[in-house]
Amino acid sequence: MEERNKTLGEFIIEKQEDFRYSSGELSRLINSIRLAAKVVNYKVNQAGLVDITGAAGAQNIQGEDQQKLDVFANDTFMETLINREIVCGIASEENDDFIVIKGGDGNHNNKYIVLMDPLDGSSNIDVNVPVGTIFSIYRRVTPVGSPVTIDDFLQPGDAQVAAGYVIYGTSTMLVYTTGHGVNGFTLNPAIGTFYLSHPNMQFPKDGNIYSINEGNYVHFPQGVKDYLKYCQREEENRPYTSRYIGSLVADIHRNMIKGGIYLYPTSSKAPKGKLRLLYECNPMAFIAEQAGGKATDGFGRIMEIQPTELHQRVPFFCGSYNMVSKAEEFMEASQKV
């Protein structure tokens with residue numbers, strides 16, 4: 001079979017031996033995410049036709065207004081994962097605390113936990129800008145047979161066994177890694193099947209796109225300001241092009257294909273950064289590194305950070321390897337002044 005004609009289901013079966021614990025559970029887990037993604041995709045594509053846009057009248061744990069589609073996506077992924085009886089725990093950006101899940105016979109023998117941002121960039125729904133789902137999968141660290149605890153969720157990113165995202169845009173794609181490269185699958189909506197469309201995705205080592213909300217420039221640390229001046233200077237292959245969608249999945253996806261850097265630093269308005277380590281930064285860092293890119297907090301590797309809380313925020317620099325390294329140089333230099 002030609003590589004690009006492979007369905008996601010066929011690809012998962014073929015790559016089963018790549019999983020360190022080859023029991024089939026992780027394959028079924030990714031299949032569950034595939035199913036939930038198709039349901040959410042259908043609703044996202046209806047957003048202009050039915051009463052699914054706008055605020056739901058509540059705020060999530062982050063203090064952000066929950067959109068109706070946020071709630072729908074969260075419920076869909078939760079129900080799909082729970083009903084398949086594969087996971088022992090789930091944590092979502094939309095929920096205050098993690099959820100303990102029993103197996104079908106009432107035990108706690110399942111081995112995997114999932115952390116997710118069910119609908120990243122949801123504030124863009126009303127204006128038809130791409131949104132996405134981000135997921136991160138770990139093997140539990142507490143004994144099998146006991147209920148999961150916070151320790152199962154507060155694992156550093158380099159303990160991830162799989163991570164990925166779904167981007168709901170002009171076409172819908174599911175991109176994921178199990179630590180053996182990054183592959184992208186595009187949904188054929190006519191038959192509801194994901195096909196391998198982007199095998200072995202790679203960040204170009206260099207790029208000419210920088211993605212940051214420059215409206216916050218005055219609030220950025222000096223190192224970021226200096227790096228932005230570098231990006232805008234007319235010399236060598238610069239100035240770079242500024243492209244910022246405001247949807248993490250969409251910005252990272254574009255930069256992985258075209259070459260670029262995404263920055264969400266600390267600021268005087270968000271002194272710890274804004275993005276969540278467990279739901280956004282760790283999974284995107286795993287994907288970036290597997291695609292030859294780099295992800296740091298401006299000084300050190302994102303996936304080496306030891307989490308201390310479920311909804312922890314960190315600064316995030318992610319993208320083409322040489323661009324992230326250059327940004328780190330400016331961050332380091334600013335500390336020495």
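Over residues 49–54 the pLDDT stays under 50, and for this segment the model, which is predicted, has 14 contacts beyond four places in sequence. For the chain, the mean pLDDT is 90, with 91% of the residues reaching 70 or more.

In soluble globular proteins, nonpolar side chains tend to be buried together. In the present model, the largest nonpolar core comprises 38 residues, and those with the most contacts inside this core are Leu29, Phe77, Leu119, Ile137, Tyr168 and Tyr176. Helix α2, spanning residues 25–45, supplies the largest share of the core, namely 8 residues. A second, separate core holds 32 residues, including Met173, Val182, Tyr264 and Phe286. Within the largest core, Ile137 is one of the residues with the most contacts; when residues up to four places away in sequence are not counted, Ile137 touches Leu26, Leu29, Ile30 and Ile33, together with Tyr112, Ile113 and Val114, and also Gln160, Val161 and Ala162.

A charged residue in a buried setting is found in the loop between β6 (131–139) and α4 (150–153), where Arg140 is located. Arg140 is buried but has no salt bridge, the nearest side chain of opposite charge being that of Asp152, 4.5 Å away; because a salt bridge requires a side-chain nitrogen within 4 Å of a carboxyl oxygen, this separation does not qualify. Polar atoms of the Arg140 side chain are instead found 3.2 Å from the backbone oxygen of Asn110 and 2.5 Å from the backbone oxygen of Ser146. With neighbours within four places in sequence left aside, the residues in contact with Arg140 include Cys88, His108, Lys111, Gly145, Pro147, Val148 and Gln155, as well as Asn110, Ser146 and Asp152.

Burial also marks two of the helices. Helix α6 (residues 248–258) has 9 of its 11 residues buried, and is therefore largely enclosed by the rest of the structure. These buried positions run from Leu248, Val249 and Ala250 through Asp251, Ile252 and His253 to Arg254, Asn255 and Met256, so that charged and polar residues as well as nonpolar ones are listed among them. After α6 comes Gly259, whose phi is positive, near 95°. In helix α5 (residues 222–232), the buried residues are Gly223, Val224, Lys225, Tyr227, Leu228, Tyr230 and Cys231. The elements covering these buried residues of α5 include the strands β11 (209–211), β13 (260–264) and β15 (316–319), along with helix α8 (321–336).

Technical notes. Residues numbered from 1 in each chain as written. Predicted model: local features only at pLDDT ≥ 70, side-chain atom pairs only at ≥ 80, totals over all residues. Heavy atoms only, no water. Core = buried A, V, L, I, M, F, W, Y, C linked by side-chain atoms within 4.5 Å. Buried < 20%, exposed > 50% of the residue type's maximum accessible area, 1.4 Å probe, protein only. Helix = DSSP H or I, 4+ residues; strand = E, 2+ residues; numbered from the N terminus. Contact = heavy atoms within 4.5 Å. Polar contact = N/O pair within 3.5 Å; in protein donor to acceptor, adjacent residues only side chain to side chain. pLDDT = per-residue confidence, 0-100.
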